[in-house]
Amino acid sequence: MTYTVAVRTLCEFTAKQGDLDLRFTPSATALEGMAGHAMVAARRGEHYETEVWLTGRYRDLVVRGRADGFDPDAGRLEEVKTYRGDLHAMPQNRRSLHWAQARCYGALLCAERGLDKLDIALVYYDVNSQDETLLVETCTAADLRAFLDQQCERFLAWSAQETAHRVARDAALAALPFPHAHFRTGQRELAENVYKAAILGRTLMAQAPTGIGKTVGTLFPQLKAMPRQKLDKLYFLAAKTPGRALAMAALRTITAPHRAQPDTADALNDGAVVDAAPRRTPLRVIELVAREKACEHPAKACHGDSCPLARGFYDRLPAARQAAVGATPTDAPPLDRAGLRAVALAHEVCPYYLAQELVRWADVVVGDYNYYFDLGGMLHFHAQAEEWRVGVLVDEAHNLVPRAREMYSATLSRAALDGARPRAPATVAPALKRLARTCNEIVGRQLEPYAVHDELPQGLLTALQNLNSAIGDHAAVHPEDVPPELLQFWFDTLHFTRLAESFGTHSLFDVTIADDAQRDVTLCLRNLVPASFLKQRFLGARTTTLFSATLTPMHFHADLLGLPPDTAWVDVASPFDAAQLRVQVAPLSTRYAHRPASLAPIVDLMARQFTDAPGNYLAFFSSFDYLDQVADLFRALHPEVPVWTQARQMTEGARADFLERFQVGGRGIGFAVLGGAFAEAVDLPGRRLIGAFIATLGLPQVNPVNEQMKARLETLFGAGHDYTYLFPGLQKVVQAAGRVIRTTTDQGVVYLIDDRFRRAEVRRLLPSWWHVPGA
Ligand code: SF4
């Protein structure tokens, strides 16, 4: 059985040594990099071959890759690297890596074209001066072949282990039994649809109610489909930390040592023979956590002169990597946050960068949305570069629209610009001054506190690009001499520039002047429709399932996310009965102007319900102000009822305390905001929560930004109001109400407090299993 490896991966495995060092990063942007490669190619003439695909073999190893360029007239193969700053500052281990890649390509080229010798060149292209630095060596084909063979030889033991793991993994997944005695109601339907989508290589939107076991119901079929679809990896992407924790727990359950039950060798087992011996599924699962949380030395910088876990990182990496994947397919340690940390510290390497390395060798990667969907999403980048076949699961997918909007938006504030100027180096100061002048010109023409521009103002992009170059040049030569406020502002301008380069109807460019004494100015590239960015992400996956309890209506998500036209849709029926949930509509007006008048009736309604059925309740409001007003009045009129409230800023401990009060036999009302931390992913089954009061339709505030969004979405989709206000609002309402009924034995009540809940267009968006009086 052969194992295929990319030249880049092979060399990073065999030829990387020494320290981890992020100081010299060729900070050319992707566009600059592409332009640099094109410029080099253009200088060589028509005979020059670019992107030369090469493949070769060493024993059971297939090595493939794409050399940047070949000049047949000169007999020279070129590996092009774009950079800015001082080339001499590049660490030696990075240069060695570049040589290793070039020599491997050279060996493959000589073999394919029957060449006896070849010039190998590293072409370092300075994106500022557009100068090239050429490092050339002349090699015989025999020397190059010997070099490639040596790299392959070093990799063979690992590739043999990987092949054995893949065989064992796929065999185990094909025979994987469902981890519980039975599917829950609705769980089988969900699992079958996920499996089908995976087998057909399609995207699926799955709306499935709370309580049916969505995490296992999506992971299990996706894992079962991996062998048949020859999937290399599965990415489980979560919006929040609890989602990751649930996925890790579900994967532990699925891969735990098991003995298959004949009655659970169901349709999803696809006819495979189930092994009766209990055994652990050989599946490598890794959890990615943010750098701030994984870092062991937050006060240090990521290079060997500062951080002991970066010093000699690549020298100790092979042992850490081997320990992480285990000696045999079934003895890999669990690589959640704690497991990864333990392996990393045992081998004195950085846990964060060890996790990045292990993504290559993992079967399942559990991480935040941004690792795949963000502009520089690492998981997407790897999948493209390594040509992996990946399956993607998107947990709580109703969060993807707002999260993606954040990912593809950028802001620059004048306060941050002013803060970066005083300590800026002399070579950077003029570029900061020019950007400040450009901002002043933009603001000088603006009379209102908020204005939207159809196009990016003249000169802004140029000023930003100049500034990025100036800081980049300085940072490359003096990496230790970049004040933190300048560094942060540089990150902001880089992100802003990248998005500015692709500005279009999917985004607004707006300028806000603060209405206070400081009168700070904020320039914002505000993404409204992330579809054009995310489209490539969905195309880059073999199959994607987006799942949540609230994905209605489908076209809203499909339009805004850029889902493929053949995306399948399943709406799994709820296992709950209308008799379990008493839904009441309180026909009050909670419109902004009527809120003062609504306080007393809401308090009265809550008190009556509490008296009739004492227990634990949640009360949701559209804002903290509204929440505080109702809570204050409630406390004043009913001091005997325990009340606790969500605060604007809450630590993890304070959140846990809030939820801790919902105990069986407890009594009281927790006040929270719609769309907040307690309105979704909170599980309070049985008597821990017996009812919810939901005031307002959860509609986003009417303000200039949302009105602009409404106008743009009306133009693009003919549904400005619904896409801006109604659908996001009702999604929050249904999520909040979903806290009440968690199991088929739960009983509860939900009060929908607003007269608009009587309208047909609103009721259509409520779960179909509810019985809403008057419907
Ligand atoms: S431990 Fe922290 S400072 Fe050290 S390399 Fe890792 S992330 Fe960087």
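Contact here means heavy atoms within 4.5 Å, helices (H or I, at least four residues) and strands (E, at least two) are DSSP runs numbered from the N terminus, and axes are lines fitted to C-alpha atoms, for helices over the stretch in contact, with angles from 0 to 180 degrees between N-to-C directions. The views below come from a predicted model, where local features need pLDDT of at least 70 and side-chain atom pairs count only at pLDDT 80 or more, while totals for chains, interfaces and linings use all residues. Residues are numbered from 1 along each chain as its sequence is written, and side-chain values use heavy atoms, leaving out hydrogens and water.

**View A. Helix 18 lies across strands of an antiparallel sheet.** Let us start with the open sheet of 4 strands, whose order is 12-15-14-13, with antiparallel pairing (two strands pair if DSSP finds at least two bridges between them). Strand 12 (410–413) and strand 13 (450–453) are its edge strands, each pairing on one side only. On average, neighbouring strands of this sheet are turned by 20° against each other, direction ignored. Strand 12 and strand 15 (residues 521–527) run antiparallel and are joined by 4 bridges; look for Thr411, whose bridge partner in strand 15 is Cys524. Helix 18 (residues 484–500) lies across strand 12, strand 14 (507–513) and strand 15, and runs at about 130° to strand 12.

**View B. An open sheet of 7 strands shows parallel pairing.** Its strand order is 9-10-8-11-16-7-17. Strand 9 (285–287) and strand 17 (568–571) stand at the edges with a single partner strand each, so one side of each has no neighbour in the sheet. From one strand to the next, the twist averages 15°. Strand 7 (residues 203–207) runs parallel to strand 17, and 4 bridges join the two. Here Gln207 stands opposite Asp571 in strand 17. Helix 6 (residues 214–229) lies across strand 8 (233–238), strand 10 (364–368), strand 11 (390–394) and strand 16 (543–548), running at about 165° to strand 8.

**View C. The ligand sits in the largest cavity.** A cavity is a set of points on a 1 Å grid over the protein atoms alone where a 1.4 Å probe fits but cannot get out, and a molecule sits in one if more than half of its atoms lie within 2 Å of its grid points. Around the ligand you will find Leu20, Arg291, Cys295, Glu296, His297, Lys300, Cys302, Cys307 and Cys350 (each with a heavy atom within 4 Å). By class, this shell has 5 nonpolar, 1 polar and 3 charged residues.

**View D. Two loops hold backbone details worth a look.** Thr552 and Pro553 are joined by a cis peptide bond, with omega of about -5°. Pro553 lies in the loop between strand 16 and helix 20 (554–561). In the loop between strand 5 (117–126) and strand 6 (132–140) you can find Gln130, which has a positive phi of about 65° although it is not a glycine.

**View E. Arg57 lies in strand 2 (residues 49–58).** Not counting residues up to four places away in sequence, Arg57 touches Thr2 and Arg145. The C-alpha atoms of Arg57 and Leu108 are separated by 8.8 Å, with the two residues 51 apart along the chain.

Methods
On a 1 Å grid over the protein atoms alone, a cavity is a set of points where a 1.4 Å probe fits but cannot get out, and a pocket is an open set with protein on both sides within 12 Å along at least five of seven lines; lining residues have an atom within 4 Å of a point. Ala, Val, Leu, Ile, Met, Phe, Trp, Tyr, Cys and Pro count as nonpolar, Asp, Glu, Lys and Arg as charged, and the others, Gly among them, as polar.
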